[in-house]
Amino acid sequence: MKENSRLLLFTGSYASTTDNGVQVYEFDGGAGGKLKLLDSVQGIANPTFVNVDTAKNRLYAISEKLNGEGVKEGEVVTLSIDAQTGKLTELSRISTMPATDAGQTTTCHINRDSDSAYLVVCSYHGGLVGLLSVDADGNPVRLTDTAVHTGKGTVPGQEKPHPHSAVFSPDERFLFVSDLGLDLIRTYHINRDAGTLEVQGEIKVAEGAGPRHFVFHPDGKSAYVINELNSTVTSFLYDSESAVLKTSVTVPTLPDDYSYTNNGCAEIAFSKDGRFLYGSNRGHDSIVVYAVNAETAELTLVQHESTRGGHPRHFTVTPDGGYLIVANRDGNNLVVFSLDTATGRLSFTGNEAETSKPVCVKPAVFPV
């Protein structure tokens with residue numbers, strides 16, 4: 001990281017409106033990954049996923065509220081970031097997808113294109129994907145389209161669709177939505193003139209797998225999904241022209257002596273150079289590390305590292321590639337690991353921070 005910059009970490013959590021649901025930490029890599037709390041924000045219900053726009057100094061947090069009939073529905077809270085102090089100030093709130101027919105539409109994931117023209121949210125409970133336009137100042141304007149998923153899977157937890165994440169292709173021509181309830185990854189094209197989501201195609205994973213979060217290799221030639229329900233990672237080779245995924249391998253995230261019925265996977269992320277892939281196990285409470293063959297998308301187990309806290313729902317690799325930080329929901333802590341760039345292995349630094357029910361941690365580099 002450049003000397004004239006600082007790394008801030010933004011966390012989301014399970015929280016009531018009277019709790020500090022969003023927090024800002026300064027991360028000191030030079031001191032072995034020490035965390036210093038800079039700001040906390042109340043008044044946001046269950047901000048379980050956040051997105052950071054460093055160009056416009058904006059933080060977008062998902063939230064939830066009750067509509068007139070008492071049904072939960074999603075909203076996005078926009079906050080300004082003071083990069084010098086880390087202080088957050090609320091700017092606006094906007095409903096994402098209105099709840100209908102007594103079915104809640106709370107959201108579990110939020111993403112943004114690099115031009116900050118659109119936000120994309122996923123409603124796990126509503127089976128919906130929402131597209132929101134954003135103005136030049138970084139303020140969400142309106143919901144321009146909603147994609148509706150239908151059907152069901154084959155195992156408990158798959159009684160209906162459950163879109164869990166939406167990830168842009170490296171060239172941002174396409175959007176890949178992992179649906180845990182349908183065992184598929186559906187590809188959309190954003191019609192930017194009309195502000196609509198157009199289905200491009202889809203690919204199935206194994207029945208009962210439950211695809212959750214999805215990531216592209218840094219070279220853009222392969223992609224990987226972590227499957228929550230059967231504790232596996234499936235890899236794909238990717239054709240960027242056609243947006244077609246071709247399944248390569250599926251590997252377990254757990255040691256042979258640990259049952260997947262006692263585990264649920266969550267986050268997946270790459271090392272900075274793309275040589276290593278990381279995934280989180282909730283139950284086994286570990287980070288699994290794989291070495292990656294970028295040509296074939298094959299994965300080789302390197303390590304299982306304890307997260308030193310229960311239910312690691314999310315984690316992040318710092319932009320310089322030197323550290324991995326885990327948000328342990330049931331451990332009520334953020335835990336910092338050093339990342340060996342030669343081997344991919346993780347080592348506990350001894351640094352952590354106590355915080356209530358953290359479930360998302362997002363890093364961002366700001367000039368000072």
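A residue is called buried here when its relative accessible area is under 20%. Keep that cut-off in mind during the tour of this predicted model.

**The whole chain**

Begin with everything shown as a cartoon. The chain has 28 strands and 0 helices. Its C-alpha trace spans about 50 × 45 × 40 Å along the principal axes. For 368 residues, a compact globule would have a radius of gyration near 21 Å, and the 19 Å of this chain agrees with that.

Switch to a surface view next. The accessible surface comes to about 14500 Å², and 46% of this belongs to carbon and sulfur atoms. Of the 368 residues, 57% count as buried. Among contacts between residues at least 6 apart in sequence, 48% join residues at least 24 apart.

**Strand β17 and its partners**

Select residues 222-227, which make up strand β17. How many of its residues are buried? The count is 6 of 6, so by the under 20% cut-off the strand is mostly covered. Colour the two faces separately: S222, Y224 and I226 lie on one side, while A223, V225 and N227 lie on the other, and both sides are covered.

Add residues 211-216, strand β16, which runs antiparallel to β17 and is joined to it by 5 bridges. Pick V215 to find one of these pairs; its bridge partner in β17 is Y224. The hairpin of β16 and β17 has 5 residues between the strands, and G220 takes a positive phi near 75° there.

Now add residues 232-239, strand β18, which is antiparallel to β17 and joined to it by 6 bridges. Here A223 has F236 as its bridge partner in β18. These two strands also form a hairpin, with 4 residues between them, and S231 in the turn has a positive phi of about 55°.

**G210, in the loop before β16**

Step back to G210, which sits in the loop between β15 (196-204) and β16. Is G210 buried or exposed? G210 counts as buried because its relative accessibility is 0%. Show what surrounds it: beyond its neighbours within four places in sequence, G210 is in contact with Q158, L180, D183, I226, N227, E228 and L229. For a distance to check, take F176, which is 34 residues from G210 along the chain; their C-alpha atoms are separated by 15 Å.

**The cores**

Show side chains for F10, L59, L88, I110 and F366. Of the 30 residues in the largest nonpolar core, these five touch the most other members. Apart from that core lies another, of 15 residues, including F214, A223, V225 and Y238.

Centre on L59 in the largest core. Not counting residues up to four places away in sequence, L59 touches F10, V22, V50, N51, V52, V77, T78, L79, I81 and L88.

**A four-stranded sheet**

Finish with the strands β8 to β11. They form an open sheet of 4 strands in the order β8-β9-β10-β11, with antiparallel pairing. Which strands stand at the edges? They are β8 (109-112) and β11 (140-148); each has a single partner strand, so one side of each is left without a neighbour in the sheet. From one strand to the next, the twist averages 20°.

Select β9 (residues 118-123) and β10 (residues 128-134) in the sheet, which pair in the antiparallel sense over 6 bridges. As a last pick, choose S123, whose bridge partner in β10 is L128.

Technical notes
Residues numbered from 1 in each chain as written. Predicted model: local features only at pLDDT ≥ 70, side-chain atom pairs only at ≥ 80, totals over all residues. Heavy atoms only, no water. Pairing = 2+ DSSP bridges. Axes fitted to C-alpha atoms, helices over the stretch in contact; angles between N-to-C directions. Rg over C-alpha atoms; globule rule 2.2 N^0.38 Å. Buried < 20%, exposed > 50% of the residue type's maximum accessible area, 1.4 Å probe, protein only. Contact = heavy atoms within 4.5 Å. Areas by Shrake-Rupley, 256 points an atom, 1.4 Å probe, with all protein chains shown as cover. Core = buried A, V, L, I, M, F, W, Y, C linked by side-chain atoms within 4.5 Å.
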